[in-house]
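Let's take a friendly walk through a structure, looking at empty spaces, hairpins and a helix pair. Please have the viewer ready.

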Amino acid sequence: MTSSYLEYELHDGYIHNWLVAGPQAIAIPDPDHYTGEEPDRKLQIARHYYTPENLIPQTPVDRESFTIDETALTWRYTRCLDDHFVDKSTFHHTWHYLRSWAYTQLHVWDTQEVTFIITTNGPADVWINGEHVHRHEHFHHQQPASVSFTATLRATDDEGKGNEILVRFEEVAARECPYVMAMRVTGIALEDVEVKVPSATTRTIRHMMLERVLEQACIEEVANYRGKVVNLHWADDLEANFNYQYSIQDPRNRIYVSGETEAKPGEVADIGHGFRIWQGPFRVVLSDVAKEIAFWNVRYQWEIPFYILDNAYSEAPYGTVEERSLEALTYAATQKDNLYAEIARFELGKWEDVDQDVILRAIASINARSDCSDFDLVGLLGVMYRYMDQEQFPAALKAPLKDCVLNFKYWHDEPGADAMCYTTENHSILFHTCEILAGQLYPDEVFTNAGQTGQWHREKGERLALAWLKTRGATGFWEWDSNCYFEEDLLALAHLVSLAESEEVVELAAVVIDKMLFTLALNSYKGVFGSTHGRTYSPMIKSGQLEPTSGICRLLWGQGVFNQHLRGLVAMACSGYDFPLLIGEIATQPVDEMWNRERHIINAAGAEVNKVTYRTPDYMLASAQDYKPGEKGYQEHIWQATFGPDAVVFVNHPPVLSEDGAHRPNFWAGNFILPRVAQWKDVLFALHNLPEDDWLGFTHAHFPVYMFDAYEVRDNWAFARKGDGYLALYASTGLALVKRGPAAYRELRAYGPQTVWICQMGRAALDGDFANFQEKVLGLHVDVQGLTVRYRSLRGETFSFGWDAPLVRDGVAVPLTGFKHYENPYCVAELPAPEMDIHVGDYVMRLAF
């Protein structure tokens, strides 16, 4: 047994320091065997795989490996963040049973009974000193639940032996799987408990020092491009100078850049140039210097994720659509391990470069009915239509492609259990598109899963697709302005436009594409889809460079960047879709002021979103008005201020500190409790009303200081300048710039159950220089009483707004709901809209649905 221990205190009663192993992921070969709805189905699976033994062979030590059922696992030291969670959240495209283990020791002076509170998404067992003391069985998908139990902790003996705590926590995964565990100890004075973690190093003080100081580092950008400097910043209040080692690593732990240097308060270190690195996800890994690792086994690491792109962002339009289409396909063809890179190679005639293994892996995934199979199948159907009859097409792919198409499950009403998502807006049209194209391709063949002919499938797909298209044409998009799922919609529609045989389907698909791109153009700023979003993910709102729509914007009007998201880009470039250039003008032409209001129906029950966008030459501010305040949120992005691809500001209410997409909502994407928001042009109010027992107890702003030309935080206000655009952000409960942790120098926190946020935008053309802007704002009248605010804006307008009160501007109530479908300088359309006329200069484009 190790004689070295890392020693810690409890954090508000929570254990933050563990050795963690897992998850062990066991594929479920027969999901049809388990019946019923969730969570009953998951409980059946968990009970089937349950073992009463903890399966741990010996006392854990950091980085020690062991095997369970031929699965190799390794203990890793884990320090919880402010949310107290051991977080193993993940995503599985097919059904899996998961189990993980967490181990630590508790030392107390006297033997006594205490209460443990364990919080998990799924079932869990607890052993204390080898004795099984607790099991609970529950499944709570997005909001973990807490269970308490009592147990006896024995006093630390003369040999220093404390209480061994072992937790095994389980989940059943089908698609996104939030998977956390937190443990709290109550009924004992916090100072009477010491947490000890077995360690392989005798330099435990050095290890614990590194834990504190390494999290005071940050890098400037979430997304970088090859050849640009990667700057590492140390906090200006860094607690000590010390030597450290840095490296840039990919997900397979391959090292591209490394070095050693000294950390000092406020120091900026160039830790490597991107030209040495190919496009993809990377992380900066900070650790002790090599000699400390070699001699003393001090192996603590702190990681900062970022993304490298192969090309620079374009803020200004360039070239023609035809030229950019070739550029897009050429770019896509350089990417690896991506089905749509292979499709780009087919389109460019680069037959010798096609990697057949990538295509065969996609076929195997579809045959397994993995979630998102529809994303790949529609691309493969396009391949079969466009290239399979060509002489150079690989003969070895033809039979697997045909079998894949004939054996697929095309809708949820067909036989068979699987983890595929069918009924969200984007998946629905993709499944319908696949069914149409498959049915057209093999009209007389019998498709094995449904036992029906291709002609039957085609007719069914057309019926469902036309209903989808007509609904979106008349009433808008359920996943409104989604910077991720607009890509998938366009993936489907581009294939219908170019490959469907029904004239009605082709024409309506083209018109809905026009409408989507018009919406994208209205709500974009320099290629950033900086709108409110019905659904999104953290990387896509932290940086416009990582939006799936960014490459599409670049393709169509020359602003944006080609990135890792290839599906919509390649589909549009191959489609032959005739892009209306006047939409590109709407996206790119500078105007002093553009005020856009929209209303979309967002579900079958008729719920609505009313949204606004205010765009100037220097910034854009957009929001969803009065959207379900006080209700639990999901992936909705309620408001955002945009200066450029990386200079973006927004506020949300997080339930966890993880940015993993399995959490919906998570640290940046979505709100656990939705705010009440109102905007009038350059002024926005966001009222957050949190429950008294809120898990984290704060709202926060994304405020990436190194992406601004200047910033300052003072007097409950945060100020930022980018170019000639200004922002002032106010929080009624006070705000503080976070200087340590995963969001260091990127986050402003405001603690408290009720917080009023105000966003006031400005421009040099109206407000003078940045210093003058700040002084003007600081002189404005702000009166907050609970969740009611009175405010006099920079434009001399007097506003009042409250949780239960309307937005009033200069004594007149401003409607926050009941908007027209579109109302802006280019288009006015009622809801529902049988047609829309889009005006640009002397030109008019009519969209008839």
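Which strands each supply at least two residues of the lining of the second largest pocket? They are strand E11 (145–153) and strand E13 (180–186); strands (E, at least two residues) and helices (H or I, at least four) are DSSP runs numbered from the N terminus.

Before going on, a word on the source: this is a predicted model, in which local features need pLDDT of at least 70 and side-chain atom pairs count only at pLDDT 80 or more, while totals for chains, interfaces and linings use all residues. Residues are numbered from 1 along each chain as its sequence is written, and side-chain values use heavy atoms, with hydrogens and water left out.

**Empty spaces**

On a 1 Å grid over the protein atoms alone, a cavity is a set of points where a 1.4 Å probe fits but cannot get out, and a pocket is an open set with protein on both sides within 12 Å along at least five of seven lines; lining residues have an atom within 4 Å of a point. A volume is the space filled by probe spheres set on the points, which are joined across faces, edges and corners.

The second largest pocket holds about 540 Å³ of space. Of its 25 lining residues, Gln-143, Phe-672, Asp-693, Asp-694 and Trp-695 lie nearest the centre. The lining comprises 11 nonpolar, 8 polar and 6 charged residues (Ala, Val, Leu, Ile, Met, Phe, Trp, Tyr, Cys and Pro count as nonpolar, Asp, Glu, Lys and Arg as charged, and the others, Gly among them, as polar).

There are also 5 cavities of 30 Å³ or more, and the largest has about 50 Å³ of space. Strand E17 (residues 229–234) gives the largest share of that cavity's lining, 3 residues. Among the lining residues are Ile-219, Glu-220 and Phe-306.

**Two hairpins**

Strands pair if DSSP finds at least two bridges between them. The table sets out two antiparallel pairs.

| Strands | Bridges | Positive phi in the hairpin |
|---|---|---|
| E33 (residues 710–714) and E34 (residues 717–722) | 5 bridges | Asp-715, near 55° |
| E34 and E35 (residues 725–731) | 6 bridges | Gly-723, near 60° |

Glu-712 faces Phe-719 of E34, and Lys-722 has Gly-725 in E35 as its bridge partner.

**A helix pair**

Helix H9 (residues 425–441) packs with helix H11 (residues 485–499) at an angle of about 20°, their axes 9 Å apart. Axes are lines fitted to C-alpha atoms over the stretch in contact, and angles run from 0 to 180 degrees between N-to-C directions. H9 and H11 are therefore roughly parallel to each other (angles under 35 degrees).

Methods. Parallel < 35°, antiparallel > 145°, perpendicular 65-115°, else oblique.
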